[in-house]
Amino acid sequence: MTKSIVTVIGAGLAGSEAAWQLARRGIPVRLVEMRPGATTEAHRTAFFAELVCSNSLRNASLETAVGVLKEELRRLGSLILAAADRTRVPAGAALAVDRDDFARTVTAALERHPLVEVVREEARTIPEGPAIIASGPLTSAALGAGLNRLIGARNLYFYDAIAPIVTAESVDMTIAFRASRWGNGGDDYINCPLDEARYHAFIEAVTAAEKVAVHPFEKPVYFEGCMPIEEMARRGPMTLAFGPMKPVGLIDPRDGRRPFAVVQLRQDDREARLYNIVGFQTKMTYPEQRRVLRMIPGLERAEFVRLGSLHRNTFIDSPRLLRPTLQLRGRDDLFMAGQMIGVEGYVESAAAGMLAAINLARLCDGAEPTAPPRESALGSLVAYITDPARRDFQPMNANFGLMPELAGRMRGRAKKTALGERALAACDDWIARERIEPDGADAARVAFA
Ligand SMILES: Cc1cc2nc3c(=O)[nH]c(=O)nc-3n(C[C@H](O)[C@H](O)[C@H](O)COP(=O)(O)OP(=O)(O)OC[C@H]3O[C@@H](n4cnc5c(N)ncnc54)[C@H](O)[C@@H]3O)c2cc1C
C-alpha cells in the first residue's frame, strides 16, 4: 500500500494514540473529531483524549495487569502514557492525572504535528480508504448507522451487560459442585448452592447495596436477558430464584437434594481459568459487588478479575469481526480500536489505538501486520476479544486471568509479579523481533518539546 493519507475517526483515548503512532511513523493522518460542533452525552470539552469520568488511569503497580499494560505502552512510545506521566497528580498506587492538563497536552501534541491534519466535523460514513475507526462507546448516531450497514445490525451492540468474572482457583469446590441443569452438557457449570436463609439474606444485601448512579442519558431501559440483578430483586424476593438463580435440574451431591437456589458459573476462557457469574450483570458499586457476591456459598474468597456493569456502550462483535491485528475481516485496510471493539477502560482503549496504528503503518509500508504476544498484557487482551470461539461477547478489561498459565504452581503476589515480568519480557521481544519501533521515529517525549 502506498503512503496515502490515513483517516482516524474520533480523537478520544484510542484515536489520539492511533493518530500519534501513525504520524511518528511518517504516515500522514486526517484526524476527524466531531467535538465541539457536535458532542456526546458524556464529553464536556473540545480537547482530545478527554477523560469522561474518573481522572484515574487505574493502578500503576506492576503487580496489576493494567499497571503492566501501561508499562508496555510506555515501551511502545505511547503519547497517552507520556502525557499521563507528565500531568500526574498524587493518588497513592494509582496513576491519576489533572484531567484538563492531560487532555490539553495530548491535543497540543497532535495539533502541532506536521503530519496530522485535524478535521473538526462529524464523520457520518465509513471511509473508503485506509482508516481506523475509534469513535468510542458514544459513537454518533449517523456513524453508528454507517457501521450497521457495514457489519450488520446483529454484530453491533448499544448496551453492555457485564457479569462479574472470578478465577476458577478462587472458588471453594468443597461447597460448589460441577453439573449442568438436567445433566445436559455434562459438568460444564460450577454451581454455588444456597439454602433458603442464605438466599433471602443475599437478596436483602443486593437490594440494600449501594449502586452506581445512572447517567441521565442511560435511561434504565432493560432488555430481556440483561436486567441487573438488583432490578430483579426489586421486583420481588423470589424473582431471582425463578430467574438466573433457579435450582431446577440440579442436585447438590453433598446431600443429594435440590438446593433452594443456585448461582451458576460458566467457563469464560479456553483454559478454564476464568468463570463468569451467569446472568449477574449489576450496577452495584465495585466495593459492594465484592462484599455482596462473597456472601454466595463457595465464593467467600472469590478473586474477581472483572466486576459487573451495565452501560450505554456502542461496541462490535469483535470475536466474529476482527483479526488479532485489529483489522476488520474482509477489509484489510479498515481497523477498529478503542472501547468500541469491546475493551473496557481508558488504558485498554489507548492500547487498542496503539495496536491498530502499528499495524496500519506496517500495511502502508508493505509489511505484514502483527499480533502482540499472548503473554503480554496487550496480547492477552486482544486474544480474548478476537477469539472466534467466544459466544455472548461482552467487553473486557486487562487482567492477569487472560494471560497463559505459568509453568509451576505459584500463587498471590509472587504469581502476579512473575506474570508481569513475563509479559514485559514478551513485549520487549516483540518490539525487537517485529521492529515495532520505527528507525528514527520521534519518542513520545518529543511531543512536548
Ligand atoms: C459515561 C462513561 C464513563 C466512563 N468512565 C470511565 C472511567 O472512569 N474509567 C475508565 O477507564 N473508563 C471509563 N469509561 C470508558 C471510556 O469511555 C473509555 O475507557 C474511553 O474513553 C474510550 O476511549 P475511546 O477512544 O474508545 O472513546 P472516547 O474516548 O469516547 O473517544 C471517542 C471520540 O470519538 C468522537 N466521535 C464519536 N462519534 C464521532 C463521529 N461520528 N465523528 C467524529 N468523531 C466522533 C467523540 O467525540 C470522542 O472524542 C467511561 C465511559 C462512559 C461512556
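This tour moves through a predicted model, stop by stop, with a selection to make at each one.

**The ligand and its shell**

Select the ligand first, together with the 33 residues around it. Those that come nearest are Glu33, Arg35, Ala123, Gln339 and Gly345. By character, the shell divides into 15 nonpolar, 14 polar and four charged residues.

Next, display the polar atoms around the ligand's oxygens. The side chain of arginine 35 places an N or O atom 2.8 Å from an oxygen atom of the ligand. For glutamine 339, a polar backbone atom is 2.8 Å from a ligand oxygen. At serine 135, a backbone N or O atom is 3.4 Å from an oxygen atom of the ligand. On its own the ligand has 960 Å² of accessible area, and the protein covers 94% of that. Two elements, helix 1 (13-23) and helix 10 (346-364), give two or more residues to the shell.

**From arginine 35 to proline 36**

Remain at arginine 35 and inspect the peptide bond to proline 36. This bond is cis, with omega of about 0 degrees. In general, most peptide bonds are trans. Proline 36 belongs to the loop between strand 2 (29-32) and strand 3.

**Helix 2**

Select residues 65-75, which form helix 2. How many of the eleven residues of this helix are buried? The count is nine, and the helix is mostly covered. The buried residues are Ala65, Val66, Gly67, Val68, Leu69, Lys70, Glu71, Glu72 and Leu73. To see what covers them, add strand 3 (56-59), helix 3 (79-86) and strand 5 (94-97), which are among the covering elements. Helix 10, helix 11 and helix 12 also contribute to that cover. Just after helix 2, select glycine 77, where phi is positive at about 80 degrees.

**Glutamine 289**

Move to helix 8 (residues 286-293), which holds glutamine 289. This residue has a relative accessible area of 0% and is therefore buried. Show its contacts beyond four places in sequence: Pro164, Thr282, Met284, Arg294, Phe304, Leu307 and Gly308.

**Lysine 415**

Select helix 12 (residues 412-433) and, within it, lysine 415. Is lysine 415 buried or exposed? Its relative accessible area is 11%, below the 20% limit, so lysine 415 counts as buried. Once neighbours within four places in sequence are set aside, lysine 415 is in contact with Glu169, Glu405, Leu406 and Met410.

**Arginine 390**

Go now to the loop between helix 11 (377-385) and helix 12, and select arginine 390. Arginine 390 has a relative accessible area of 9% and is therefore buried. Apart from neighbours within four places in sequence, its contacts are Asp268, Asp269, Pro319, Arg320 and Tyr384. For a distance label, pick the C-alpha atoms of arginine 390 and tyrosine 157: they are 16 Å apart in space and 233 residues apart in sequence.

**Phenylalanine 242**

Select the loop between helix 7 (229-235) and strand 12 (261-267), where phenylalanine 242 is located. Why does phenylalanine 242 count as exposed? Its relative accessibility is 66%, and the class begins over 50%, so the residue falls within it. A label from its C-alpha atom to that of alanine 261, 19 residues apart along the chain, reads 8.7 Å.

**Two positive phi angles**

Most residues other than glycine have a negative phi. Two residues with positive values may be selected here. Alanine 272 has a phi of about 60 degrees and lies in the loop between strand 12 and strand 13 (274-277). With 27% relative accessibility, alanine 272 is partly exposed. Arginine 435 has a phi near 50 degrees and is found in the segment after helix 12. Its relative accessible area is 55%, so arginine 435 is exposed.

**Cysteines**

For the last stop, select cysteine 53 and cysteine 427. Cysteine 53 is exposed, at 52% relative accessibility, whereas cysteine 427 is buried, with a relative accessible area of 1%. With a disulfide taken as a pair of cysteine sulfur atoms within 2.5 Å, the count comes to zero.

Conventions. Residues are numbered from 1 along each chain as its sequence is written. This is a predicted model: local features need pLDDT of at least 70, side-chain atom pairs count only at pLDDT 80 or more; totals for chains, interfaces and linings use all residues. Side-chain values use heavy atoms; hydrogens and water are left out. Buried means under 20% relative accessible area, exposed over 50%, partly exposed in between (1.4 Å probe, protein chains only). A residue is near a molecule or strand if one of its heavy atoms lies within 4 Å of it. A polar contact is a pair of N or O atoms within 3.5 Å; within protein, one must be able to donate a hydrogen and the other to accept it, and residues adjacent in sequence count only if both atoms are side-chain atoms. Accessible areas come from the Shrake-Rupley method with a 1.4 Å probe; for residues, only the protein chains shown count as cover. Helices (H or I, at least four residues) and strands (E, at least two) are DSSP runs, numbered from the N terminus. Ala, Val, Leu, Ile, Met, Phe, Trp, Tyr, Cys and Pro count as nonpolar, Asp, Glu, Lys and Arg as charged, and the others, Gly among them, as polar. Contact means heavy atoms within 4.5 Å.
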